[in-house]
Amino acid sequence: MANQEVVNRKIVLRDYVVGFPQKSDLVLVSNEKIKLEVPEGSENGVLVKNLYLSCDSFMRDRMSKDCSYIPPFIPGEPITGYGVAKVVDSRHPEFKAGNLVWGLTGWEDYSLIMQREPLIKIEHTDVPLSYYTRILGMPGMTAYFGFMEIGSPKKGEYVFVSGATGAIGQLVGQFAKLTGCYVVGCAGSQEKVDLLKTTFGFDEAFNYKEEQDLDAALKRYFPEGIDVYFENVGGKMLDAVLLNMRNHGRIAACSMISQYNCEQHEGVQNLFMVVIKSIRMEGFVVFNYFQRYPEFLEFTRQSIKEGKIKFVEDKAEGLESGPTALFELFTGSNTGKQVVVSRD
Ligand SMILES: NC(=O)c1ccc[n+]([C@@H]2O[C@H](COP(=O)([O-])OP(=O)(O)OC[C@H]3O[C@@H](n4cnc5c(N)ncnc54)[C@H](OP(=O)(O)O)[C@@H]3O)[C@@H](O)[C@H]2O)c1
């Protein structure tokens, strides 16, 4: 096995992307071979076979030269993201062949991972492995710490979630229900609205694309105002939410996906509401919570076991389907967590 040479297919970024991404911005390259061993001199290197690759909208940001909070992808090299993988060979004392791991890996069949930090050993295999790309991985942690810590929800409070059927939003809604809150979500189709109410247990949901006046829509669902807003989209939605926040409300700013593909961002007009209503608006980045993974894992595994949390994913088969699967995030064609499954 160690000396075996295999083709290592990769999805590489053709060039930096400006504006809305196209499938052709990512190219499948299959002309490279690798040996199934960690090369000499690669101390602490871990060679993995990728099993599941997670499609996450923050990866669009990394396709821009001037990316925001993490380094951009390098044109001509495979893009990277969160995934679940099996260790093939290791020069790292904490990992050995056969271990299952999740963390940052390449969009390729095999990856040589040199940094220990983002690689977490999977100890519990009583759940489907793909859960570690989502409910028990980075999106789950984002929902948990963003909502529970930044949102600081209390029983009986009114919670609004935008981008609510996304991997993170659907979990935030369920964490809100577990906390005893009233929760409303918005999404971009009737099918997604139904899913929020029937599968994820949101109290109410609406299709933001069919609302002429977002402020009026929010007043309909929150006659008494919003205590906690979990922000995924930014732009016009944020502006309308600011008008509907209650005094001392909290806004957990997770993302502003409406800005990802625009060079000119819609201005937010109502920011002064933060002052008038003593709103605490706080952005956060999940990387800062990774050391608290065990706490999150315990809570969420238990909730899954007790059937208190549900999760929906869209699976795309094979590495070659990755670019289409990734770009569906920006058209909203995905429902739930978008994940690419390796064929073998
Ligand atoms: N702060 C952090 O540490 C952190 C960590 C991970 C991810 N994030 C960010 O959190 C956000 C949610 O992630 P996720 O994985 O749950 O989402 P996701 O599964 O990637 O969902 C994306 C959804 O966003 C909606 N959307 C796309 N463009 C939109 C627009 N212009 N306006 C409004 N909605 C739009 C679409 O649904 P509709 O059909 O409903 O429009 C789409 O299905 C992402 O933007 C991601 O980058 C932040």
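The following dialogue examines how the descriptive terms applied to this predicted model are justified.

Trainee: On what basis are residues numbered and features accepted here?

Mentor: Residues are numbered from 1 along each chain as its sequence is written. Because the model is predicted, local features need pLDDT of at least 70 and side-chain atom pairs count only at pLDDT 80 or more, whereas totals for chains, interfaces and linings use all residues.

Trainee: What makes the protein chain as compact as a globular protein of its length?

Mentor: The radius of gyration, taken over C-alpha atoms, is set against the globule rule, 2.2 Å times the number of residues to the power 0.38. For 344 residues the rule gives 20 Å, and the chain has 21 Å, which is close, so the chain is as compact as a globular protein of that length. The C-alpha trace spans about 65 × 45 × 35 Å along its principal axes. The secondary structure comes to nine helices and 17 strands, where helices (H or I, at least four residues) and strands (E, at least two) are DSSP runs numbered from the N terminus.

Trainee: How many domains are assigned to the protein chain, and how far apart are their C-alpha centres?

Mentor: The chain is divided into domain 1 (5-133 + 312-341) and domain 2 (138-287), with bounds that come from an automatic or database domain assignment. The C-alpha centres of domain 1 and domain 2 lie 29 Å apart.

Trainee: Which residues come nearest to the ligand, and which domains supply the shell?

Mentor: A residue is near a molecule or strand if its C-beta atom, placed from the backbone, lies within 6 Å of it. There are 28 residues around the ligand, and Gly166, Ile168, Gly188, Ser255 and Gly332 come nearest. The elements α2 (138-150), α3 (167-179) and α9 (322-331) each give two or more residues to this shell; α3 gives the most, with three residues. Domain 1 and domain 2 each contribute at least three residues to the shell.

Trainee: How do the residues of the shell around the ligand divide by character?

Mentor: They divide into 13 nonpolar, 13 polar and two charged residues. Here Ala, Val, Leu, Ile, Met, Phe, Trp, Tyr, Cys and Pro count as nonpolar, Asp, Glu, Lys and Arg as charged, and the others, Gly among them, as polar.

Trainee: Why is Met141 called buried?

Mentor: A residue is buried if 20 or more other C-beta atoms lie within 10 Å of its own, exposed if 12 or fewer, and partly exposed in between, with C-beta atoms placed from the backbone. Met141 has 23 other C-beta atoms within 10 Å and is therefore buried. Met141 is found in helix α2. Not counting residues up to four places away in sequence, Met141 touches Val286, Tyr289, Tyr293 and Phe296, a contact being two C-beta atoms, placed from the backbone, within 7 Å.

Trainee: Why are Ser152 and His248 not called buried?

Mentor: Ser152 has 14 other C-beta atoms within 10 Å and is therefore partly exposed. His248 has 10 other C-beta atoms within 10 Å, so it is exposed. Ser152 lies in the loop between α2 and β10, while His248 lies in strand β14.

Trainee: What makes the phi values of Ser152 and His248 worth noting?

Mentor: Most residues other than glycine have a negative phi. Ser152, although not a glycine, has a positive phi of about 40°, and phi of His248 is near 60°. Gly332, which follows α9, also has a positive phi, near 80°.

Trainee: How do you know that strand β13 is largely enclosed?

Mentor: Six of the six residues of β13 (residues 226-231) are buried, so the strand is largely enclosed by the rest of the structure. Two strands pair if DSSP finds at least two bridges between them. Strand β10 (residues 158-161) and β13 pair in the parallel sense over three bridges, with Phe160 opposite Tyr229. Strand β14 (residues 245-253) pairs with β13 in the parallel sense over five bridges, and Glu231 stands opposite Ala253.

Trainee: What makes strand β6 mostly covered, and which strands pair with β6?

Mentor: In β6 (residues 80-90), 10 of its 11 residues are buried. Strand β5 (residues 46-55) pairs with β6 in the antiparallel sense over seven bridges, and seven bridges also join β6 to the antiparallel strand β7 (residues 100-106). Val84 is the bridge partner of Tyr52 and, in β7, has Trp102 as its bridge partner.
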